[in-house]
Amino acid sequence: MAHQNDPQVIRRLLTEHGRWAVVGLSDNPRRVAVGVSRFLQDGLGMEIIPVSLKGDDVHGRQGYTRLADIPGPIDVVDCFVNSSRVGAVVDQAIAVGAKAVWLQLGVIDEDAARRAAEAGLDVVMDTCPAMEAPALGL
């Protein structure tokens with residue numbers, strides 16, 4: 001059965017202050033992750049933690065190369081990676097005890113979504129916070 005996003009989960013994730021590890025967030029201003037993470041940080045008041053292959057610092061926040069290197073709890077792992085690679089990121093999110101995974105618009109992996117849900121994580125897939133927030137009046 002295909003994953004269906006729960007509007008109440010989306011609302012809660014976007015309205016409760018949280019620590020969002022943004023995987024695929026580099027300092028490349030042409031990448032959509034830069035604008036969406038800025039919206040999360042400045043528009044919604046979330047704490048952003050950049051995660052990328054190079055561990056770039058972004059928006060004045062220290063970057064990391066792996067979720068396991070981030071000190072403290074992670075509320076949401078926001079995935080700006082290719083669908084073929086997102087399963088590994090979701091598995092890392094489960095391993096570090098994240099509370100939720102958010103697979104961005106166009107990022108779809110039904111098996112990874114199922115694994116995350118079975119591990120007790122909230123799952124949002126194939127949508128973007130910058131699209132969902134205005135739809136919710138945020």
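## Exercises on the sheet, buried acids and salt bridges

At 23% relative accessibility, Leu136 counts as partly exposed, a class that lies between buried (under 20% relative accessible area) and exposed (over 50%), with a 1.4 Å probe and protein chains only. Leu136 belongs to a predicted model, in which local features need pLDDT of at least 70 and side-chain atom pairs count only at pLDDT 80 or more, while totals for chains, interfaces and linings use all residues. Residues are numbered from 1 along each chain as its sequence is written, and side-chain values use heavy atoms, with hydrogens and water left out.

**Exercise 1.** Locate Leu136 in the chain and identify its contacts beyond its neighbours within four places in sequence.

*Solution.* Start with the secondary structure, where helices (H or I, at least four residues) and strands (E, at least two) are DSSP runs numbered from the N terminus. Leu136 is found in the segment that comes after helix 5 (129-135). Next, take contact as heavy atoms within 4.5 Å; once neighbours within four places are set aside, Leu136 is in contact with Ile10, Arg11 and Leu14. For a sense of distance, Lys99 lies 37 residues from Leu136 in sequence and 21 Å from it in space, C-alpha to C-alpha.

**Exercise 2.** Work out the strand order of the sheet and explain why strand 2 and strand 5 each have one side left without a neighbour.

*Solution.* Two strands pair if DSSP finds at least two bridges between them. The 5 strands form an open sheet in the order 2-1-3-4-5, with parallel pairing. Strand 2 (47-51) and strand 5 (122-125) stand at the edges with a single partner strand each, so one side of each has no neighbour in the sheet. From one strand to the next, the twist averages 20°. Strand 1 (residues 19-23) and strand 2 run parallel and are joined by 5 bridges, and within this region Ala21 stands opposite Ile49 in strand 2. Finally, helix 2 (residues 32-43) packs on the sheet, touching strand 1, strand 2 and strand 3 (76-79), and its direction makes about 155° with that of strand 2; here axes are lines fitted to C-alpha atoms, for helices over the stretch in contact, and angles run from 0 to 180 degrees between N-to-C directions.

**Exercise 3.** For the buried residues Asp78 and Asp109, find the nearest side chain of opposite charge and the polar partner of each acid.

*Solution.* Two rules are needed: Lys and Arg count as positive and Asp and Glu as negative, with His and the chain ends not counted, and a salt bridge is a side-chain nitrogen of Lys or Arg within 4 Å of a carboxyl oxygen of Asp or Glu. Asp78, in strand 3, has no salt bridge, the nearest opposite charge being Arg31 at 11 Å. A polar contact is a pair of N or O atoms within 3.5 Å, where within protein one must be able to donate a hydrogen and the other to accept it, and residues adjacent in sequence count only if both atoms are side-chain atoms. Such a contact, of 2.7 Å, joins the side chains of Asp78 and Gln104.

Asp109 sits in the loop between strand 4 (100-103) and helix 4 (110-118). Asp109 also lacks a salt bridge, with Arg115 as the nearest side chain of opposite charge, 5.1 Å away. The side chain of Asp109 does, however, reach the backbone nitrogen of Ala112 at 2.9 Å. Beyond four places in sequence, the residues that Asp109 touches include Ser83, Leu103 and Met125.

**Exercise 4.** Place the salt bridges Asp122–Arg12, Glu47–Arg61 and Glu118–Arg114 in the fold.

*Solution.* The rule gives a count of 9 salt bridges. Asp122 and Arg12 meet at 2.7 Å, N to O, and this pair links distant parts of the chain, strand 5 and helix 1 (residues 7-15), 110 residues apart. Glu47 and Arg61 meet at 2.8 Å, N to O; because Glu47 lies in strand 2 and Arg61 in the loop between strand 2 and strand 3, the pair ties together parts 14 residues apart in sequence. Glu47 and Arg61 are also linked with Arg19 in a network of salt bridges. Glu118 and Arg114 meet at 3.4 Å, N to O, and, being 4 residues apart in helix 4, they are separated by about one helical turn. Within this helical pair, Glu118 is exposed at 61% relative accessibility, whereas Arg114 is partly exposed at 40%.
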